[in-house]
Amino acid sequence: MKLLLVRYGRQRGHDDPDQARSFHHAAEKIAGLPGLVWKLWSYDDSAHVAASIYLFDSEEHARAWGDGAMKPSLGSHPGISDIEVSYLDVDEQLSAITRAPLFAPQPA
């Protein structure tokens with residue numbers, strides 16, 4: 001498993017209607033990325049920053065998105081700047097002890 005961490009400047013707040021629609025549309029596409037287990041979206045409107053944490057099933061899938069279309073896609077949104085990307089390995093044993101959601105829920 002591989003975490004992809006993305007941090008970026010965001011001039012528009014989370015309640016900006018145009019940005020909200022655009023990110024909702026993006027979320028629907030991102031949900032279909034190969035190897036994506038889950039993605040967490042976060043923001044701090046007062047500091048004009050946001051971050052995303054993605055969990056992928058492999059480094060190959062994480063880098064295919066993070067080194068591929070992610071930056072141009074994210075950067076195409078108005079007010080987005082200073083995109084930083086990093087990759088981290090997951091300690092599955094310790095994460096399981098602390099109840100990290102390491103696997104996508106299985107359909108019923």
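This report walks through the nonpolar cores, helix 1 and the aromatic pairs of a predicted model.

**The cores**

Let's start inside. The largest nonpolar core counts 17 residues, and Tyr54, Phe56 and Trp65 have the most contacts inside it. Quite a few elements chip in: strand 1 (2-10), helix 1 (17-30), strand 3 (49-56), helix 2 (59-66), helix 3 (70-75) and strand 4 (80-89) each supply at least two of its residues. As background, nonpolar side chains tend to be buried together in soluble globular proteins.

Take Trp65 and skip its neighbours within four places in sequence: what remains in contact with Trp65 is Leu4, Ile30, Leu33, Tyr54, Phe56, Met70 and Ser73. There's also a second, separate core of five residues, with Val37, Leu55, Val90 and Leu102 among them.

**Helix 1**

Helix 1 has 14 residues, which at 1.5 Å a residue should span 20 Å, and the C-alpha atoms at its ends are indeed 20 Å apart. At the N-terminal end, Asp16 acts as the cap, with a side-chain oxygen 3.3 Å from the backbone nitrogen of Asp18.

Which residues of helix 1 are buried? They are Gln19, Phe23, Ala26 and Ile30. Looking down the helix axis, the buried residues of helix 1 sit within an arc of 60°, so they line one face. The general rule behind such a pattern is that an α-helix has 3.6 residues a turn, so residues three or four places apart point the same way. Over on the other side of helix 1, Pro17, Arg21, His24 and Glu28 are exposed.

And what do the buried residues of helix 1 pack against? Their partners are strand 1, strand 2 (36-44), strand 3, helix 2, helix 3 and strand 4.

**Aromatic pairs**

The structure has two aromatic pairs, and here's how they look:

| Pair | Centre to centre | Angle between planes | Type |
|---|---|---|---|
| Phe23 and Trp41 | 5.8 Å | 45° | tilted |
| Tyr54 and Phe56 | 5.9 Å | 20° | stacked |

The tilted pair joins helix 1, home of Phe23, to strand 2, home of Trp41, so it ties together parts 18 residues apart in sequence. Phe23 is buried because its relative accessible area is 9%, under the 20% cut-off. Trp41, at 35% relative accessibility, counts as partly exposed.

In the stacked pair, Tyr54 is at 3% relative accessibility and so counts as buried. Phe56 counts as buried too, at 0%. Tyr54 and Phe56 already came up above, among the residues with the most contacts inside the largest nonpolar core.

Key
Residues numbered from 1 in each chain as written. Predicted model: local features only at pLDDT ≥ 70, side-chain atom pairs only at ≥ 80, totals over all residues. Heavy atoms only, no water. Core = buried A, V, L, I, M, F, W, Y, C linked by side-chain atoms within 4.5 Å. Buried < 20%, exposed > 50% of the residue type's maximum accessible area, 1.4 Å probe, protein only. Helix = DSSP H or I, 4+ residues; strand = E, 2+ residues; numbered from the N terminus. Contact = heavy atoms within 4.5 Å. Expected span 1.5 Å × (residues − 1). Arc of directions from axis to C-beta. Polar contact = N/O pair within 3.5 Å; in protein donor to acceptor, adjacent residues only side chain to side chain. Phe/Tyr/Trp six-rings, centres within 6.5 Å; stacked < 30°, edge-to-face > 60°.
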